[in-house]
Amino acid sequence: MIPPPGRPRRKNPVLRTRVPLLPPRARSRAALGLTAAAALGCLELQVCTRCNRVQYPSSEVCRNCLSGELCWRKQSGEGELLSATRVHASHEPYFRERAPWRVGLVRLDAGPTVVAHLHAACGPPPGRVRVGACLDKAGQGVLVAFPPQEAPNMADDRELREMTCDPKFRKALVTDGKTPVGRALVRALIGAGAEVVWVGHAEPWKKSAALADIETSAEATLIPLDVTDSRSVRQAAAEIGGKIDILINTAEVHRAHGISSRDGVEVARAEMDVNYFGLLRLAQEFGPALRARGADGPSSAVAWVNLLSIFSLANYPPHGTFSASKAAAFSLAQCLRAEMRPGGIRVVNVFPGPLDDEWNQALPPPKLSPEALARSVVKALQDGVEDVYPGDVAQEWLTRWRENPKVLERELSL
Ligand SMILES: [Zn+2]
């Protein structure tokens, strides 16, 4: 069992911020399948479709029959811990700084024997473990051996905390606290142990009943922030940009319009101004400070969360202009991810299905409640995953989009 951690010591502000060190991140194209599955929180290994051999490390051909017909399949990760050790000396500066580091050799029931990071709750060998795939600080998929049963304070493991974005003891910003999703997220972050949650609100001069419970909360602090106003974003970044560990962008405009159902471009412009340009403004002002603080010890800056939509993947014509603005935001989020990765900051993209709100009234159930969405965002941070598809509708769309994006497009346009 891992003892519950105390609050980490504050960084001495006089000390220089260290240059973020990252674990080795070079991977072959064949190995990126492990990273792609780890980004969703799954363990997948290469399987030969001819001889059914599961292989690790991955390669271009099957090491048993030399067939090039390989695919990636989900694995349970069950296996036997054969040996364990602590690395005290490493030629990699990242691990040298974090030594000792626990690793183990695990023989998977599926066949291969793998070297994995070893969770502190795993007992000494021999013993049963469950191997999972996580994204490391460099955003690459690595194998981690967990105990077969959940133990208390699992997420507090020092090695695991390097790979996840747990809100516990961290400071977060929710960019729009007025929406039901924003409010649910503030509550979920405080429930998960966040130290401070700053809550943006675009019209600070207006008294809002929706923000009443936030105003009385000890952990939450309101801050004026209008993502459509560059000056407001710059001012908020100057005030709290250097303290934020997790930024969650919940600012969103959603109207149910296609192209021909409304004249003019005002509604579409408002959607783009918040959903796309809002993200761009935030990224320009808050991004550099967040990226520079990725190495600030156990409570370093860790994550940037974008609330996108499953409509980012394929346009849903009754909500056509909204879908287009979210597709633009998705593309920008991919750019942001590439720029934040060298600083060890994870960009988490959330693709919910239709929410249970006024703009989705005409859509049939199931619809996602703001509380369920907030729970899945916090869980994604705790698990360290990169892409989240909360709710049944989002999962169904994702499956159909992966099978054939063209078929989905035609089905949606009927
Ligand atoms: Zn084979």
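Begin by selecting Cys 134, whose sulfur lies 11 Å from the closest cysteine sulfur, that of Cys 165, which is too far for a bond. Bear in mind from the outset that this is a predicted model. Cys 134 is buried, with a relative accessible area of 9%. Next add Cys 42 to the selection: the closest cysteine sulfur to its own is the one in Cys 134, at 11 Å, and here too the distance is too far for a bond. Cys 42 likewise counts as buried, at 19% relative accessibility, because the limit for that class is under 20%. A disulfide is a covalent bond between the sulfur atoms of two cysteines, and with sulfur atoms required to lie within 2.5 Å of each other, the count of disulfides comes to zero.

**The zinc site**

Now select the zinc ion together with Cys 48, Cys 51, Cys 62 and Cys 65, whose SG atoms coordinate the metal at 2.3 to 2.4 Å. The angles subtended by these four donor atoms run from 105 to 117°, which makes the arrangement tetrahedral. Along the sequence the donor residues follow the spacing C-x2-C-x10-C-x2-C. Cys 48 belongs to strand β1 (residues 44-48), whereas Cys 62 sits in the loop between β2 (54-55) and β3 (70-74), so this pair ties together parts that are 14 residues apart in sequence. Cys 48 and Cys 62 are both buried.

**Backbone details in the loops**

Stay in the loop between β2 and β3, where Pro 57 is found, and display the peptide bond from Tyr 56 to Pro 57, which is cis, with omega near 0°. The same selection can be extended to Leu 66, which also lies in the loop between β2 and β3 and has a positive phi of about 65° although it is not a glycine. Leu 66 counts as exposed, at 64% relative accessibility.

Move on to the loop between β6 (113-118) and β7 (127-135), which holds Pro 126; the peptide bond joining Pro 125 and Pro 126 is cis, with omega at about -5°. Then go to Phe 169, in the loop between α3 (158-161) and β9 (171-174). Phe 169 is another residue that is not a glycine but has a positive phi, of about 65°, and this residue is buried, with a relative accessible area of 15%.

**The nonpolar cores**

For the largest nonpolar core, which has 47 residues, select Leu 173, Ile 244, Phe 286, Trp 304, Ile 310 and Trp 397, the members with the most contacts inside it. Elements that give two or more residues to this core include β10 (196-201), α6 (230-240), α8 (277-292) and α11 (392-403), and the largest share, seven residues, comes from α9. Centre the view on Ile 244 and, leaving aside neighbours within four places in sequence, look for its contacts with Lys 171, Leu 173, Trp 198, Phe 286, Leu 290, Arg 293 and Ala 301. A second, separate core of 34 residues includes Ala 303, Leu 355, Leu 368 and Ala 374.

**Helix α7**

Finish with helix α7 (residues 266-275), whose buried residues are Val 267, Glu 271, Val 274 and Asn 275. When the view is turned to look down the axis of α7, these buried residues fall within an arc of 85°, so they line one face of the helix. They pack against α8 and α9, while the face of α7 turned away from the buried side carries the exposed residues Glu 266 and Arg 269.

How values were computed. Residues numbered from 1 in each chain as written. Predicted model: local features only at pLDDT ≥ 70, side-chain atom pairs only at ≥ 80, totals over all residues. Heavy atoms only, no water. Core = buried A, V, L, I, M, F, W, Y, C linked by side-chain atoms within 4.5 Å. Buried < 20%, exposed > 50% of the residue type's maximum accessible area, 1.4 Å probe, protein only. Helix = DSSP H or I, 4+ residues; strand = E, 2+ residues; numbered from the N terminus. Contact = heavy atoms within 4.5 Å. Donors = N, O, S within 2.8 Å, 3.2 Å for Na, K, Ca; no water. Tetrahedral: all angles 85-135°; square planar, octahedral: opposite > 155°, others 65-115°. Arc of directions from axis to C-beta.
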